[in-house]
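Please open the model in your viewer and keep the selection tool at hand. The tour below proceeds from one selection to the next and describes what is found at each stop.

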Amino acid sequence: MPALGRLRYLDALPDANARPRGTLLLIHGFPLNARMWEGQLAFAAARGWRVIAPDLTVVATPGATVDDFAGVAIDLLDGLHIEGAVVGGLSMGGYVTFALVRHAARYVRGLMLADTRSQADTPEGVEGRKKMLQLLKDQGPAAIADQMIPKLIGETTKRTRPELADRLRAIIMTNPAEAIGGAINALMTRPDATPLLASIHVPTLVIVGAEDTLTPPALAEDLHRGIAGSQLEVIAGAGHMPNMEAPAAFNTALAEFLDRRV
Ligand code: MLT
């Protein structure tokens, strides 16, 4: 992964023969890292987009917050002299995207909110995060992978592409335990982003796997209703990771949004 000071990120330059369209900044979910976006890099670059995907695990120390993560994304844009980008985030990446909108909306040319929600954790949700922190302390990242993977992929993927679980496990297991702990802290301390939705006036794609049980389609509908003019796409046969479970359908929806709306 390229590095810029302490920042690490994936970077795909637009194909030389494509009309240059701008930058797509993709922010990963929990407990993953930037490699979850590998299936989008070449696809978007072929359509003229530079795609950068920061790895948030570098700043995920115990007290990390979504604001820290948004700071990483902004530092990366600044470091690469990029003044604006279409910003996309999946799940935790969506929470970080909201923090970026809150602090630095001037960078945002468009949004892709995938399998995410605007609401903060409920008190029961926070209790669940605390249990997960304890599990991490007692048993390490492998136990987090065991707990999360069945929730990340949908029933169709479990039946038809069970090997995706191995790919997710491989990504999770490259993350240090401190990074996973920091991300859990960021998840459970994030503010409610719902009041922000009415202030969003950039082209926005809300996208969700039809079989997502962590952030089900009803939450995507909330986002779609809250963001004026947004577009909602539901990806059939996918759970919480539609970009990896159904990459062709996900990429088509993303390409149509980028071509027609941005
Ligand atoms: C994620 O995929 O980033 C997490 O599932 C988010 C969450 O647990 O809220």
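With the side chain of which residue does the side chain of Arg190 make a polar contact? The partner is Asp121, and the polar contact between the two side chains spans 2.7 Å. Please bear in mind throughout that this is a predicted model.

**First stop: Arg190**

Select Arg190, which belongs to the loop running between α8 (177-189) and β7 (204-209). Display Gln119 as well: the Arg190 side chain reaches the backbone oxygen of Gln119 at 2.7 Å. The side chain of Arg190 thus has a contact with a backbone atom of Gln119 and another with the side chain of Asp121. Is Arg190 buried or exposed? Arg190 counts as buried because its relative accessibility is 5%, and the cut-off for that term is under 20%.

**Second stop: the ligand**

Now select the ligand and display the residues around it. These are Gly29, Phe30, Ser91, Met92, Tyr95, Arg117, Arg129, Met148, Leu187, Leu214 and His240. Sorted by class, this shell consists of 6 nonpolar, 3 polar and 2 charged residues. The ligand occupies the space of the largest pocket.

Three distances deserve to be displayed here:

- From Tyr95, a polar side-chain atom lies 2.6 Å from an oxygen atom of the ligand.
- From Met92, the atom to pick is a backbone N or O, which lies 2.7 Å from an oxygen atom of the ligand.
- From Arg129, an N or O atom of the side chain is 2.8 Å from an oxygen atom of the ligand.

How much of the ligand's accessible area does the protein cover? On its own the ligand has 270 Å² of accessible area, of which the protein covers 95%.

**Third stop: Phe30 and Pro31**

Remain with Phe30, one of the residues around the ligand, and extend the selection to Pro31. The peptide bond leading from Phe30 to Pro31 is cis, and its omega is near 0 degrees. Pro31 is part of the loop that lies between β3 (22-27) and α1 (38-46).

**Fourth stop: Ser91 and Thr116**

Select Ser91 next, which is also among the residues around the ligand. Ser91 lies in the loop between β5 (85-90) and α3 (92-104). Its phi is near 55 degrees, a positive value in a residue other than glycine. Ser91 is classed as buried because its relative accessible area is 9%.

Add Thr116 to the view. The side chain of Thr116 reaches the backbone oxygen of Ser91 at 2.9 Å. Thr116 is situated in the loop between β6 and α4, and it is buried, with a relative accessible area of 2%.

**Fifth stop: Asp115**

Move to Asp115, in the loop between β6 (108-114) and α4 (123-139). What is the phi of Asp115? The value is near 45 degrees, positive in a residue other than glycine. With a relative accessible area of 1%, Asp115 is buried.

**Last stop: Ala44 and Glu245**

Finally, select Ala44, which is found in helix α1. Ala44 counts as buried, at 4% relative accessibility. Then pick the C-alpha atoms of Ala44 and Glu245: these residues are 201 residues apart along the chain, and their C-alpha atoms are separated by 17 Å.

Conventions: Residues are numbered from 1 along each chain as its sequence is written. This is a predicted model: local features need pLDDT of at least 70, side-chain atom pairs count only at pLDDT 80 or more; totals for chains, interfaces and linings use all residues. Side-chain values use heavy atoms; hydrogens and water are left out. A residue is near a molecule or strand if one of its heavy atoms lies within 4 Å of it. A polar contact is a pair of N or O atoms within 3.5 Å; within protein, one must be able to donate a hydrogen and the other to accept it, and residues adjacent in sequence count only if both atoms are side-chain atoms. Accessible areas come from the Shrake-Rupley method with a 1.4 Å probe; for residues, only the protein chains shown count as cover. On a 1 Å grid over the protein atoms alone, a cavity is a set of points where a 1.4 Å probe fits but cannot get out, and a pocket is an open set with protein on both sides within 12 Å along at least five of seven lines; lining residues have an atom within 4 Å of a point. A molecule sits in a cavity or pocket if more than half of its atoms lie within 2 Å of its grid points. Ala, Val, Leu, Ile, Met, Phe, Trp, Tyr, Cys and Pro count as nonpolar, Asp, Glu, Lys and Arg as charged, and the others, Gly among them, as polar. Helices (H or I, at least four residues) and strands (E, at least two) are DSSP runs, numbered from the N terminus. Buried means under 20% relative accessible area, exposed over 50%, partly exposed in between (1.4 Å probe, protein chains only).
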